Number of protein chains: 2
Amino acid sequence: MMASHKRLALAEVRDLALTVLTHFGLGERQAKAVAETMVAGERDGCTSHGIYRLLVCAHTIREGKVVVDAEPEVHDIAPALVRVDGKGGYAQIGFEEGRPILIDKAKRCGIAALAVNNSVHFAALWPEVETLAGDGLVAFAFTPSHAWVAPAGGTAPIFGTNPIAFGWPRPGEHPFVFDFATSAVARGEIELHRREGKPIPLGWGLDPQGQPTTDAGEALAGSMLTFGGHKGSALAAMVELIAGPLIGDLTSADSLAADDGAKASPFGGELIIAIDPAGFLGSAAAEHLARAEHLFEGITAQGARLPSQRRYEARTRSLQEGVLIPARLLDDIQALLDKPLSA
Amino acid sequence: MMASHKRLALAEVRDLALTVLTHFGLGERQAKAVAETMVAGERDGCTSHGIYRLLVCAHTIREGKVVVDAEPEVHDIAPALVRVDGKGGYAQIGFEEGRPILIDKAKRCGIAALAVNNSVHFAALWPEVETLAGDGLVAFAFTPSHAWVAPAGGTAPIFGTNPIAFGWPRPGEHPFVFDFATSAVARGEIELHRREGKPIPLGWGLDPQGQPTTDAGEALAGSMLTFGGHKGSALAAMVELIAGPLIGDLTSADSLAADDGAKASPFGGELIIAIDPAGFLGSAAAEHLARAEHLFEGITAQGARLPSQRRYEARTRSLQEGVLIPARLLDDIQALLDKPLSA
């Protein structure tokens, strides 16, 4: 009997990702940053942002939607703002380039913002806010995607899945981090239902005529819906605005139009805001961060989970035991290496 | 037959509010700012934040929970941060004091934040973000309240109703503004169901044993729930953190403890963040603000409403025709003036 899963050490996941990305011609710097993001996804049990994404990246690169040798360009535009032009590469290297400047500005000004422009987005936002929280900052991140989601009361897609991520530093603990799509569910979740021929719950999507549907295929052809009704819809609009026009970059509708049927990853901007607790609190920062711990204790003491608790538990396991990858996914990834490079 | 409503001009609403607030000993500056906020609520059809709140303010002042002659104190603590100590007065004057400094810092640094500390909160947050958007800035506002809301997966209150507000400048139009509680509904909505003996939908609250309930009284005695499941719960936690410990102020649990059964308005802090579009966009700001208009057109063209559309429509009517106030509410307010001042 063939095993349905294979156990890999994280170093093996990293090597595999690097091999595939390099094979497709992605430059060394981007390949490393993208591979590291996928390793983090696998490590934390977020398999939909793990090496499954190699298939997505390979497709996006093959479609010519990534500048494989991009070198991001920093523009120091205001005391508390920095803009990184990603030059058409993956957003990871834009963030990498902007991060030290964002930290420096947040520490000097109290609050600062980083715009990563002209970049390809395939990953979650929690790596960014977790990293910044690890640097002692409170962090927010936002990005549009492709226009797949209808506004509350509407009938047609205009928003992306538009995630919102937040990180809060916890001395001696993993940061408090959340990262969620403002759509009711991830697009991949609806896709999974379609492949399995399973109905979706009402509230996930509308058919192409704008009517509520339980048919996954109809919802994919029509519109997804936001979480939380008009409140989630308002947040989705906010993400479009602040990580689109505010930073001079694409909306989700622009991104989908630019994709022009290629089904590549979304292209555009990302807004990251960082606040230094010492800015407001000075020498009392430690005391007030300790007060925040009471809030977390109050949540977990009643049996509720903190947003990233599952992810951190998976991390502890993965660092010791490695991760289980579906054999079929490994076959699909191997097939990428065997295929000729042009589609 | 007695009329159930009486039509008042907005100037009459303002006079009535000022009379009551002054009668209860609120100093002139606070009385003016608080009255103006209530006029704005009535004008925009947000009656739950209109002069109904005179009853709430009168109670809060009588309970000794407002410093009636507070003079806010400004602390210019970092290039992009300003902190206003509200000195125990209403948050409106703290914002009033901090606003010009916030604007100046946002324009100089690109992004800036204002903490209003040690203040009493009875109103919505949209007046703040609408004002700042009117000043050409993108604005966010957050405040905790009293601990009434359970976390997702929990059984007991720990969060406040923790609103999130956002404002976006629209040249030649009212700003794009939203302001919503991260609780499933306003506490007043559950209170209304209780008074009318009507059941509440599942998803609004838990009974004191932490079980889902449709009994409004049980939910008020137990816990309210957040909107949008674990996503709304994550946002509620974020509001606690960034408008509580981050600015050295009370959490919703602290505020309720400080209230000590008085049933007065929440006490604590408010965080306001402002971004200058010209910071990221320079001379291209007008062009990109015009791109944002396409998003709004895309929403309204499919029959969906923008978040504040109803409010602005009510405003247009109220400015022409005045507002209808329930006769019974006017009686209750008149009774405040007839009663002796101590409870």
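This is a short chat about how chains A and B meet in a predicted model, and about the cavities inside it.

Q: How many residues does each chain bring to the contact?
A: Chain B brings 69 residues, and chain A brings 69 residues.

Q: What area gets buried between chain B and chain A?
A: About 5,400 Å². Carbon and sulfur atoms give 77% of that area.

Q: Which three residues of chain B supply more of its buried area than any other three?
A: They are K231(B), L246(B) and F280(B). Together they supply 15% of the area that chain B buries against chain A.

Q: Okay, charges now. How many salt bridges are there between chain B and chain A?
A: The count is two. R291(B) forms a salt bridge with D254(A).

Q: How far apart are the closest N and O atoms in that R291(B) and D254(A) salt bridge?
A: They are 2.7 Å apart.

Q: And how many residue pairs are in polar contact across the interface?
A: There are 16 such pairs, counting pairs with both residues at pLDDT 80 or more.

Q: Which helix gives the most to chain B's side?
A: Helix 8 of chain B, residues 229-242. Helix 8 gives nine residues to the side that touches chain A.

Q: How does that side of chain B divide into nonpolar, polar and charged?
A: It has 48 nonpolar residues, 14 polar ones and seven charged ones.

Q: New topic: cavities. How many of 30 Å³ or more turn up in the whole structure?
A: The search finds six.

Q: How much space lies in the largest cavity?
A: About 120 Å³.

Q: Which residues line the largest cavity?
A: From chain A, the lining has F140(A), F142(A), I164(A), L235(A), M238(A) and I273(A). From chain B, it has F140(B), F142(B), I164(B), L235(B), M238(B) and I273(B).

Q: Which strands and helices each supply at least two of those lining residues?
A: In chain A, strand 5 (138-142) and helix 8 (229-242) do. In chain B, strand 5 (138-142) and helix 8 do.

Q: What classes of residue are in that lining?
A: Twelve nonpolar, no polar and no charged residues.

Q: What about the second largest cavity, how much space is there?
A: About 60 Å³.

Q: Which residues line the second largest cavity?
A: The lining is A91(A), Q92(A), V120(A), H121(A), F122(A), A123(A), A124(A), L125(A), E128(A), T143(A) and E270(A).

Q: And how do those residues divide by class?
A: Six are nonpolar, three are polar and two are charged.

Terms used: Residues are numbered from 1 along each chain as its sequence is written. Chains are lettered from A and ligands numbered from 1 in the order in which they are written. This is a predicted model: local features need pLDDT of at least 70, side-chain atom pairs count only at pLDDT 80 or more; totals for chains, interfaces and linings use all residues. Side-chain values use heavy atoms; hydrogens and water are left out. Contact means heavy atoms within 4.5 Å. Buried area is the accessible area (1.4 Å probe) that two parts lose on being put together, summed over both. A salt bridge is a side-chain nitrogen of Lys or Arg within 4 Å of a carboxyl oxygen of Asp or Glu. A polar contact is a pair of N or O atoms within 3.5 Å; within protein, one must be able to donate a hydrogen and the other to accept it, and residues adjacent in sequence count only if both atoms are side-chain atoms. Helices (H or I, at least four residues) and strands (E, at least two) are DSSP runs, numbered from the N terminus. Ala, Val, Leu, Ile, Met, Phe, Trp, Tyr, Cys and Pro count as nonpolar, Asp, Glu, Lys and Arg as charged, and the others, Gly among them, as polar. On a 1 Å grid over the protein atoms alone, a cavity is a set of points where a 1.4 Å probe fits but cannot get out, and a pocket is an open set with protein on both sides within 12 Å along at least five of seven lines; lining residues have an atom within 4 Å of a point. Grid points are joined across faces, edges and corners, and a volume is the space filled by probe spheres set on the points.
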